[in-house]
Amino acid sequence: MKYVEEFRDPVAARGVLAAITAVADRIGATPEAPVRIMEICGGHTHAIFRYGLDKMVHPGIEFIHGPGCPVCVLPMARVDECVELAERPEVIFCTFGDAMRVPGTRKSLLQAKADGADIRMVYSPLDALELARRNPDREIVFFGLGFETTTPSTAMSVQQAARDGVMNFSIFCNHITVPAPLRALLNDPHMMLDGFVGPGHVSMVIGTHPYDFIAEEFGKPIVVAGFEPLDLLHSVLMVLTQIAEGRAEVENQYARVVPEHGNPISIAAVDAVYEPRPSFEWRGLGEIDASGLRMRDAFRAWDAEAKFGVGYGAEVRAATPEPEGCACGAVMTGRMKPTACAQFGKGCTPEMPLGALMVSSEGACAAYWQYGGVRALEAAE
Amino acid sequence: MCLGIPGQIVEITDADRQMAMADVSGVRREVSLTPVATGPLEDLLGQWVLIHVGFAMAVIDADEAAATLEALRGLGEAQETLEAMAEGQRALEGVQ
Ligand code: SF4
């Protein structure tokens, strides 16, 4: 248990681990018949690997890595559309750095930049708005990517652009929501999940009620968690305790940051600017009903889809198959471990990613590679 | 990219646009206070907030800020965010 030394409070960690073991034994969890807990958020996936939490807890507990990394679930076609936008001479394409290396059919944004497209990595959509002010003769397109934590930032930036009359600024909206794919996963008969660790910073925005259906309709426990290692262990214990007591509830382990009803100002801004799309395509998961957002008609002037006729704004959308030999879909739904993918560490590494799960440290494959080199070898032997 | 980083509000820079200067691990960055602007902006001076892509998303206490920062450092995410802020600055200045 060498990992425990990494904790600020190893004594507390030992206590929680012992409690987890007691409950796991009580409900009869074994490596053959494990309790399967999905951590939804990519930040949690990263923390679990960084601290080796999956190796530390009772062997009857299996972590399934959820779809909560926006870069990882981005379909290749969307990357192609970004490249298409970025290659227009009038466009300055702005994006978060995370999206730069996601492979597209022809190239990634990083390659497009090397080939001369004007692509800027920004920290905030407000940086892109400022670029629009400073470059009135150019079209500034911001790649709106991310879950509910990020969506308010682009909504508020568009509202600011509207107030200031900045018309050479638009959002290429690919925002997605957390609850919709969870419903899809719970409806999938192959998916055997016993409970969830819910995302912390997403919930800071939306609150805990959007998860009510998980407990009420599907009878599964969910515990919203912070991302310190102790937070995660506590949350696992809370999920197990619910299972042991035959309860299924939405609990909030991270109440010090997550208010029950979220952040009302952010929710209102998102509602004003965006509306749900009928369906949206997820890499590895396919089309999911009402899982993505698009801009409302009132904000069409700032909608890159309408302005440039790309993406869901195009008349015909090309279908792009996933790259040959890529098992991203199976990994993302917990049906396959990253190490079981034929490309893992061969055709696909963080330096030269083939699939999106290898691109970001929040992706399961990159996490396995970064922290699980030894484990990968063990698995291969 | 989904994690916020703690910062302390040090100065209101543009009251109309609800913008303020925040100190994020010694780096100064202008952020929007809109999501947490439930009262007079001055009340937020000196407060710790969780900043995500340039927006203060929640007011937190100093202990939570310190613990969150340490967790982010453990994951390497604090450094990544500070680099992204610097990169954003370069993008504004047109340095490719
Ligand atoms: S190793 Fe690469 S190709 Fe295989 S599932 Fe992971 S990201 Fe996809």
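**Figure 1. Polar contacts between chain B and chain A in the predicted model.** Nine residue pairs, both members at pLDDT 80 or more, are in polar contact between chain B and chain A. On the chain B side, the elements that give two or more residues to the surface touching chain A are strand E3 (27-32), strand E4 (48-52), strand E5 (55-60), helix H1 (62-75) and helix H2 (77-92). H2(B) supplies the largest share, nine residues. Sorted by class, this side of chain B comprises 22 nonpolar, twelve polar and eight charged residues.

**Figure 2. Extent of the interface and its salt bridges.** In this interface, 42 residues of chain B are in contact with 48 residues of chain A. The two chains bury about 3,800 Å² between them, with carbon and sulfur atoms giving 62% of that area. Three salt bridges are counted between chain B and chain A. B:Arg29 pairs with A:Asp127 in a salt bridge whose closest N and O atoms are 2.8 Å apart.

**Figure 3. The salt bridge between A:Asp118 and A:Arg138.** The closest N and O atoms of this pair are 3.2 Å apart. A:Asp118 lies in the loop between helix H5 (109-114) and strand E4 (119-121) of chain A, and A:Arg138 in the loop between helix H6 (125-134) and strand E5 (139-146) of chain A, so the pair ties together parts that are 20 residues apart in sequence. A:Asp118 is buried, at 12% relative accessible area, whereas A:Arg138 is partly exposed, at 22%.

**Figure 4. A salt bridge within helix H6 of chain A, and a network of salt bridges.** A:Glu130 and A:Arg133 form a salt bridge, with 3.1 Å between the closest N and O atoms. Both residues belong to helix H6 of chain A and stand three residues apart, about one turn of the helix. A:Glu130 is partly exposed, with a relative accessible area of 24%, and A:Arg133 is partly exposed at 30%. A network of salt bridges links A:Glu130, A:Arg133, A:Arg134, A:Asp164, B:Asp14 and B:Arg17.

**Figure 5. The salt bridge between B:Arg28 and B:Glu11.** The N to O distance is 3.5 Å. B:Arg28 lies in strand E3 of chain B and B:Glu11 in strand E1 (residues 5-14) of chain B, so this salt bridge ties together parts that are 17 residues apart in sequence. B:Glu11 is partly exposed, with 38% relative accessibility.

**Figure 6. The largest nonpolar core.** This core has 160 residues, and those with the most contacts inside it include A:Phe196, A:Tyr274 and B:Ile5. Helix H11 (residues 229-244) of chain A gives the most to the core, with seven residues. Beyond its neighbours within four places in sequence, A:Phe196 is in contact with residues including A:Ile37, A:Leu182, A:Ile214, A:Lys220 and A:Val239.

Key
Residues are numbered from 1 along each chain as its sequence is written. Chains are lettered from A and ligands numbered from 1 in the order in which they are written. This is a predicted model: local features need pLDDT of at least 70, side-chain atom pairs count only at pLDDT 80 or more; totals for chains, interfaces and linings use all residues. Side-chain values use heavy atoms; hydrogens and water are left out. Contact means heavy atoms within 4.5 Å. Buried area is the accessible area (1.4 Å probe) that two parts lose on being put together, summed over both. A salt bridge is a side-chain nitrogen of Lys or Arg within 4 Å of a carboxyl oxygen of Asp or Glu. A polar contact is a pair of N or O atoms within 3.5 Å; within protein, one must be able to donate a hydrogen and the other to accept it, and residues adjacent in sequence count only if both atoms are side-chain atoms. Helices (H or I, at least four residues) and strands (E, at least two) are DSSP runs, numbered from the N terminus. Ala, Val, Leu, Ile, Met, Phe, Trp, Tyr, Cys and Pro count as nonpolar, Asp, Glu, Lys and Arg as charged, and the others, Gly among them, as polar. A nonpolar core is a set of buried Ala, Val, Leu, Ile, Met, Phe, Trp, Tyr and Cys residues joined through side-chain atoms within 4.5 Å. Buried means under 20% relative accessible area, exposed over 50%, partly exposed in between (1.4 Å probe, protein chains only).
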